Amino acid sequence: MLTSHHENHRGSPTALLDDALDPTTHVLVVGAPGPRLERLTRTLRATGHDVTHAPPGEVDRRMGQAHPDAIVALDAPDGHAGPGRAAHHDTGLEVIREVRTAPAGRALPLLMVTTSPEPADVVDMLRQGADDCIPEASDPVELSARIEAKLRRVPVPVENLLRDPRTGLYSQPHFLDELDRELQRPEAARHGGVLAVVGVAEMTTLEARLGPRVRREVAERLAGVAEQAGSFCDRLGRDDEGHLLMLLPGVDEETAHRGLAKFAATVAGTRFIVADENVRLTPAIGWLPLTGCAAGTEATAQALDAVQEALRHRDLRPVRYAPWMRGTPHRHRRPSLSTLIRPVLSALSPVLALLLGVAVPFVLYQQAYTLGWDLGSAMYWVVVSGLVLSAVLIVLECLFSLDAAARPEKPGAPYPPASAVIAAYLPNEAATIVDTVESFLRLDYPNELEVVLAYNTPHPLPVEDTLREIAARDPRLVLLPVAGSTSKAQNVNAAVTRVRGEFVGIFDADHHPAPTAFKDAWHWLSNGHDVVQGHCVIRNGESSPVARLVAVEFEAIYAVSHPGRTRLYGFGVFGGSNGFWRTDLLARTRMHGSMLTEDIDSTLRALGEGARFAVDRTLISRELAPTTLKALWNQRSRWAQGWLQVSLKHLWRGLRSPVFTARQKLGLFVLLGWREVQPWLTLQILPILLYSAWRAGGFTHLDWAVPVCVLAVLFTLAAGPVQALFAWRLAVPELRSRRPWFWSYLLVSTVFYSHFKNMVARQAHLKEALGDRQWRVTPRVAAKTVAPR
């Protein structure tokens, strides 16, 4: 019987065998639970092997989680160990077929442990793919020796073989030979083709912690995911640095890009076992078409340059190689003429907006009238209808906000470990970041809550020493410097593979969540939702008139508009600051740093995959508002341009998507379409008035008392007071008690602020058209806060 009668004295056969064993040898034992499996597992561990277990039917999945060096399988469960030779014989053949059918199991040593080693049974098993059969009554040392013999049956180094016998991966030299062979084919016969190289953002950290073996293991895990994609990839290899090499012959660029993006999302959404640790991996994919490539070595080097660019963003998007990547970072590219002219045009954007929105339409109406078409009068009714429609939508959002879904009273599952990610640009946040971190460490959560500060800074700052002292005092704080980061998105992407929580709360560096914020968020996430967006409350409204204005506006946004839209259209948006995500969803969605409102973009991509999104105005986090008009202009300009980017990217795609219902598509049209048209539509009032005065012979000849026009104006103006009233009614207590703020907001919004936001939106449209996507940060300072009541 195979038992663990391991001799402990030196010089024994087992001890000598232990000296020869590779301590990293990993054996996967296949068999149903029972005494036989337990004895076999004890035996293998006693003779120096790492052992994991896979029941029949689970072999492929378990090998994908942790690639073994060898497989040892029982020929039958305990119930068939005695009589019934045919039964256990058939079971053994089924196990062999399962192992050899799995891509990762084709080249692994496979030893069968059998209760009845009849010669005919052994022959069948060997012919079906087993490498060896051993009776269950054999000595444990013999079993280990047979395993070692199979592992060492290759008489030459693996890198000298065409393929790794364990994984089926091409070695780097042979992969390059395959690539050169493909490149030497005539382009007409090649039908496209793509080379891709896959790196992993966590490789340096993993190797520092676990040793160089992780390079091979990581490449093997990536290859396992690629093989599951079927015919997507033709040939796979790996290099010495742990990159996965992918050759996709006969594939057009669009198909390759889609397949690589899907591969990246699958990798990011999977937990892997690497060196006995459960880890998340962030694939960084660089690729280029084979057309125009001269040599495999050069093509691979170019793909590696693209990998470096992908590593900067960590957003899972495959990066196509461009010549500027070769040897020089993108920030040192020589400026073009358009780059030099763009700032000038951006500075003149208010003038351009008036020319495009007023002068051009006025001339158009004039010329149309001379041709017999009264286009201006038609546009008058379009504008009136548009203004009324905008007012109706505002009133509907207000009414629907009253019936917003309430947070579930109880969690649907026990509170799991959770993570908070604070994304910070330290020079911008130095005055407030310590208070923010300490507020997070005071949160009330019944399970483990880690606080990850993912930050970037161009140079060391004194506040970092303070943060390190806090981290040394409280291990819940994890400091994560993100080298080379240029955006909040990159900081969040770097943190999402580091976090241990089942769900993640994302915050800016000035946020102070309510004590029970994470408990409240889990009530949503554990009851069928994937993301929940909370209510951002301004805490420095006393600082300036601008801050007071924003404080009331945030109540109109987070207490009224977001809940009302969610109820009205059947989905929520945002998912940024004070947004809580299931970690698996955020890991495979990521944030794209090229988007100025990366959180809205991520939300819409998640919604497009069928994620459920909730909005909760009682899920409070308090933040700082801009205190000057200039800072407010910069903030809202970025928001408006970011919304435009999202609209251009997602509107048409969402309207065509089968995932969204008709009601949700109506919401997408309003949120992503109408909001971009409305600022220009309101501006048409000016050219229509000019046209009407020109046609009537002067302003004194106009009839200003047209009933329809007067009613439309009154109804449109009434929408502002209605929204202010609802904002006060649904505001948090510390702001609701400040009624003068709401009266001030009502007056300023009517005569100035609405027009201010429309101006910002129009300028943002022109900036996007000119390619000006600069993110202007505003330093935050500690300020007098509004105390909760």
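1. Let's start with a term: a salt bridge here is a side-chain nitrogen of Lys or Arg within 4 Å of a carboxyl oxygen of Asp or Glu. With that in hand, have a look at Glu217 and Arg213, which form such a bridge with their closest N and O atoms 2.7 Å apart. Keep in mind as you read on that this is a predicted model. By the rule just given, the count comes to 42 salt bridges.

2. Staying with that pair, where do the two partners sit? Both Glu217 and Arg213 belong to helix α10 (residues 213-228), and they are four residues apart, about one turn of the helix. Their surroundings differ in cover: Glu217 is buried, because its relative accessibility is 5%, while Arg213 has a relative accessible area of 29% and so counts as partly exposed. The pair also belongs to a network of salt bridges that links Arg213, Arg216, Glu217, Glu220 and Arg221.

3. Next, go to Arg500, which meets the side chain of Glu448 in a salt bridge of 2.5 Å, N to O. This one connects distant parts of the chain: Glu448 is in the loop between α17 (433-441) and β14, Arg500 is in the loop between α19 (488-496) and β16 (503-508), and their positions lie 52 residues apart in the sequence count. Both ends are partly exposed, with a relative accessible area of 36% for Glu448 and 46% relative accessibility for Arg500.

4. Arg500 also forms a salt bridge with Glu450, where the closest N and O atoms are 3.4 Å apart. Glu450 lies in strand β14 and Arg500 in the loop between α19 and β16, so this pair ties together parts that are 50 residues apart in sequence. Is Glu450 buried or exposed? Glu450 is buried, as its relative accessible area is 2%.

5. Strand β14 brings us to the sheet. Eight strands form an open sheet with mixed pairing, in the order β15-β14-β13-β16-β19-β18-β20-β17. At the edges are β15 and β17 (512-513), each of which pairs on one side only. As background, strands of a sheet pair through backbone hydrogen bonds, either parallel or antiparallel.

6. At the β15 end, which sense does the pairing of β14 and β15 take? Strand β14 (residues 449-456) and strand β15 (residues 477-481) run parallel, with five bridges between them. To find the register by eye, look for Val452, which stands opposite Val478 in β15. Together with helix α18 (residues 462-473), these two strands make a right-handed β-α-β unit.

7. Further along the sheet, strand β18 (residues 531-538) pairs with strand β20 (residues 613-623), again in the parallel sense, over seven bridges. Here Val532 is opposite Ala614 in β20. Strand β20 also holds Arg622, which is buried because its relative accessibility is 16%. The C-alpha atoms of Arg622 and Ala514 are separated by 7.7 Å, though the two residues are 108 apart along the chain.

8. Now for a couple of backbone oddities. Most residues other than glycine have a negative phi. Leu316, though, has a positive phi near 75 degrees; you'll find Leu316 in the loop between α12 (296-313) and β12 (319-320). Its relative accessible area is 8%, so Leu316 is buried. Asn578 also has a positive phi, of about 65 degrees, without being a glycine. Asn578 sits in the loop between α21 (545-569) and β19 (579-582), and counts as buried because its relative accessibility is 0%.

9. Helix α29 (residues 739-770) is worth turning around on the screen. Where is its kink centred? The kink, of about 65 degrees, is centred on Ser749. Just after α29 comes Gly771, with a positive phi of about 80 degrees.

10. Last, the surface. Val392, Leu396, Leu399, Leu402 and Phe715 form a nonpolar patch there, and together they have about 380 Å² of accessible area. Which element gives the largest share of the patch? Helix α15 (residues 375-401) does, with three residues. Leu396 has its place in this helix, and counts as partly exposed because its relative accessibility is 30%.

Conventions
Residues are numbered from 1 along each chain as its sequence is written. This is a predicted model: local features need pLDDT of at least 70, side-chain atom pairs count only at pLDDT 80 or more; totals for chains, interfaces and linings use all residues. Side-chain values use heavy atoms; hydrogens and water are left out. Patches are made of residues with over 30% relative accessible area and no salt bridge: like charges are joined within 9 Å, nonpolar side chains (Val, Leu, Ile, Met, Phe, Trp, Tyr) within 5 Å. Accessible areas come from the Shrake-Rupley method with a 1.4 Å probe; for residues, only the protein chains shown count as cover. Buried means under 20% relative accessible area, exposed over 50%, partly exposed in between (1.4 Å probe, protein chains only). The bend at a residue is the angle between axes fitted to the seven residues ending there and the seven starting there. Two strands pair if DSSP finds at least two bridges between them. A crossover is right-handed if, with the strands pointing away from the viewer, the path from the first strand over the helix to the second runs clockwise.
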